[in-house]
Amino acid sequence: MAAKAMACPNCEGHDAFVDAYLDTERLALRRFTADDADLLIELDSDPAVMRYLTGGEPTAPKDVRERDLPSILAGYKRWGGDFGLFAAQDKDRGAFVGWFILRPEQGGSLDEVELGYRLRQAEWGKGYATEGSRALLSKAFTELGVRLVWGATMSVNEGSRKVMEKVGMTVTDTLDTPPDMQTIEGSEHGGVRYEISKEQWGQH
Ligand SMILES: CC(C)(COP(=O)(O)OP(=O)(O)OC[C@H]1O[C@@H](n2cnc3c(N)ncnc32)[C@H](O)[C@@H]1OP(=O)(O)O)[C@@H](O)C(=O)NCCC(=O)NCCS
């Protein structure tokens, strides 16, 4: 694991450290810690953020604390800190912007990984999802031995689709809506899978 200590911009006055993963022009991505439940709870409490994930339902704080965060932390152990879910902070403001995913399927091959993102509504429309995704593709293909990156979204999630298209991913399949997402607005249109191979990325 190539972990590096970095002063936490949110923690003036005391010497908190965060576990850095990746820097972009404006964003610092880091691994989550056991103290980050409130960031995840606040993010998932916005119905606009959750619109195409749960139909707007927030994630129960108990589920974040007892299921999601422990699973994120277990992922760092499983993949040596190379893959997982990463918190993104704006480097100038120190504000939590949201998170990005770069991770294999559990038990799946390490050279085929999923890209994903979930940002706070206040941070939408600033190019952050595109910037973070571009940097993650670069890291995946040049440092982590990845051969293929894929992402999936509801067909009607235009923002998410646009991000994947901007970073060079293309639609490779249509997807049925899973049973637990059938009541979400637009679910009748199903989902789409996007992919980009290392070779395609090199030519993009
Ligand atoms: C989808 C999401 C990550 C986009 O983040 P973002 O930082 O606003 O995206 P960017 O600013 O990088 O925008 C990339 C492009 O998508 C466009 N876009 C962003 N949101 C859009 C929307 N809701 N509808 C249409 N286009 C949209 C932008 O205009 C931009 O295109 P442009 O450069 O041609 O103008 C963000 O809206 C989000 O977190 N949504 C909630 C969670 C979610 O749905 N995650 C994806 C689950 S699969």
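W99 stands opposite R118 in β6. This pair belongs to a predicted model, and it is a convenient place to enter the strands. The pairing of β5 with β6 is antiparallel and extends over 7 bridges.

Strand β5 covers residues 96-104, and 7 of its 9 residues are buried, so the strand is largely enclosed by the rest of the structure. Burial here means that 20 or more other C-beta atoms lie within 10 Å of the residue's own. In a regular strand, side chains point alternately to one face of the sheet and to the other.

Strand β5 also pairs with β4, residues 84-90; these two run antiparallel and are joined by 6 bridges. Within this pairing, G84 stands opposite L102 in β5. The two strands form a hairpin with 5 residues between them. In the turn, G94 has a positive phi of about 75°.

A further set of pairings centres on β9. Strand β7 and β9 run antiparallel and are joined by 7 bridges, with M154 opposite G191 in β9. Strand β8, residues 170-175, is also antiparallel to β9, and 5 bridges join them. Here T174 is the residue opposite V192 in β9.

From the strands the path leads to helix α5, residues 158-166. Which residues of α5 are buried? They are S160, V163 and M164. These buried residues lie on the same side of α5, because they cover an arc of only 95° around the axis. On the other side of the helix, E158 and K162 are exposed. The cover over the buried residues of α5 includes β6 (112-119), α4 (128-142), β7 (148-154) and β9 (191-197). Strands β6, β7 and β9, met above in the pairings, are thus named again as part of this cover. After α5 comes G168, whose phi is positive, near 100°.

Helix α5 also takes part in the surroundings of the ligand. In total, 21 residues surround the ligand, and the closest are A129, T130, T153, G159 and K162. The elements that contribute two or more residues to this shell are α2 (47-54), β6, α4 and α5. Which element gives the most to the shell? It is α5, with 6 residues. K162 therefore has two roles in this description: it is exposed on α5, and it is among the residues closest to the ligand. By residue class, the shell divides into 8 nonpolar, 8 polar and 5 charged residues.

Key
Residues numbered from 1 in each chain as written. Predicted model: local features only at pLDDT ≥ 70, side-chain atom pairs only at ≥ 80, totals over all residues. Buried ≥ 20, exposed ≤ 12 C-beta atoms within 10 Å, placed from the backbone. Helix = DSSP H or I, 4+ residues; strand = E, 2+ residues; numbered from the N terminus. Arc of directions from axis to C-beta. Contact = placed C-beta atoms within 7 Å. Near = placed C-beta within 6 Å. Nonpolar A, V, L, I, M, F, W, Y, C, P; charged D, E, K, R; others polar. Pairing = 2+ DSSP bridges.
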